[in-house]
Amino acid sequence: MNDAEALKKIAGEAACEFVKTGMRVGLGTGSTVKYTVLELGRRIAEEGLEIVGVPTSIATQELASEVGIPLVQLGSLDGLDIVIDGTDEFDPSFQLIKGGGAALLREKIVAQQSAAMVVVADERKQVDCLGAFGIPIEITPFACDVTVSVLASLLNCQVELRMSESKHILTDNGNCIADARIGPTITDPVATEASILNVAGVVQVGLFNNMCDAIVLATTDGVTTLMKPNGRL
């Protein structure tokens, strides 16, 4: 395991401290939160932890099932107690960019239904201004090239559809993913999110604003938990 992967493991496991017996837990998607899912499975098997989980992707659903986490449909619950997820970037105001794993729509649905959101990250994800990663945007396949053109004009940057072997990469929902190469320029992520969502053809945008309450941050010096002032935790 290389240093970056080791940091992901440390952060993913540390976030499990927020999970207690009886909780309804949103299970995020990505290479860091994978370790959260594995640790929750271990705690269920070895410590008798009793939870139910709602996965945010098919990949997470499969992993959670493998490690013995009982899964339920989001619609069968009256909300979730907590969601633990990863991030591609976070800024000093706890605003996020997500969607590198193409699960942003399901991730945002689950996050909006959660009483609190804990994010797991390593120090590479901490930025002063959002945007260097780009903005993942889920769009409908119909006229996707038109939607991309409109977004490029709106954001004044290059917008590219994710491709694999000359085919569009599709999300678990059957939609396309575009990435806006906007650079570290997003000084008002709330306004940016609203303007992108106003474009016909856009399903969801990977700006997660006013959702994150805590960030479990793994650095070379150890794990630090950053708590949002006046957050929900």
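Let's start with helix α3, where Thr-60, Leu-63 and Ala-64 are buried. They span an arc of only 100° around the axis, which places them on the same side of α3. What lies over these buried residues includes β1 (24–27), α2 (33–47) and β2. Just past the end of α3, Gly-68 takes a positive phi of about 90°. Keep in mind that this is a predicted model.

Now for the nonpolar cores. The largest one has 26 residues, and the members that touch the most others are Val-19, Leu-40, Ile-51, Ile-69 and Val-118. Quite a few elements chip in: α1 (3–14), β1, α2, α3, β3 (82–86), β6 (117–122) and β14 (214–219) each supply at least two residues of this core. The top contributor is α2, with four residues. As background, nonpolar side chains in soluble globular proteins tend to be buried together.

Which residues does Leu-40 touch, leaving out those up to four places away in sequence? The list is Cys-16, Val-19, Leu-27, Leu-49, Ile-51 and Ile-69. Apart from this core lies another one, made of 22 residues, including Leu-130, Ile-135, Cys-144 and Val-159.

On to the pockets. The largest has a volume of about 240 Å³. It is lined by 13 residues, and the closest to its centre are Val-54, Pro-55, Gln-61, Gln-73 and Arg-106. Here α3 turns up again: along with β2 (52–55) and α4 (104–112), α3 (58–66) gives two or more residues to the lining of the largest pocket. The largest share, three residues, comes from α4.

The second largest pocket has a volume of about 200 Å³. There are 15 residues in its lining, and Thr-29, Gly-30, Ser-31, Thr-87 and Asp-88 are the closest to its centre.

What kinds of residues line each of these two pockets? Here are the linings by class.

| Pocket | Nonpolar | Polar | Charged |
|---|---|---|---|
| Largest pocket | eight residues | four residues | one residue |
| Second largest pocket | two residues | nine residues | four residues |

So what ties these places together? Helix α3 makes a handy thread to follow. It holds the buried Thr-60, Leu-63 and Ala-64, α3 supplies at least two residues of the largest nonpolar core, and α3 also gives two or more residues to the lining of the largest pocket.

Note on methods: Residues are numbered from 1 along each chain as its sequence is written. This is a predicted model: local features need pLDDT of at least 70, side-chain atom pairs count only at pLDDT 80 or more; totals for chains, interfaces and linings use all residues. Side-chain values use heavy atoms; hydrogens and water are left out. On a 1 Å grid over the protein atoms alone, a cavity is a set of points where a 1.4 Å probe fits but cannot get out, and a pocket is an open set with protein on both sides within 12 Å along at least five of seven lines; lining residues have an atom within 4 Å of a point. Grid points are joined across faces, edges and corners, and a volume is the space filled by probe spheres set on the points. Ala, Val, Leu, Ile, Met, Phe, Trp, Tyr, Cys and Pro count as nonpolar, Asp, Glu, Lys and Arg as charged, and the others, Gly among them, as polar. Buried means under 20% relative accessible area, exposed over 50%, partly exposed in between (1.4 Å probe, protein chains only). The arc is that of the directions from the helix axis to the C-beta atoms. Contact means heavy atoms within 4.5 Å. A nonpolar core is a set of buried Ala, Val, Leu, Ile, Met, Phe, Trp, Tyr and Cys residues joined through side-chain atoms within 4.5 Å.
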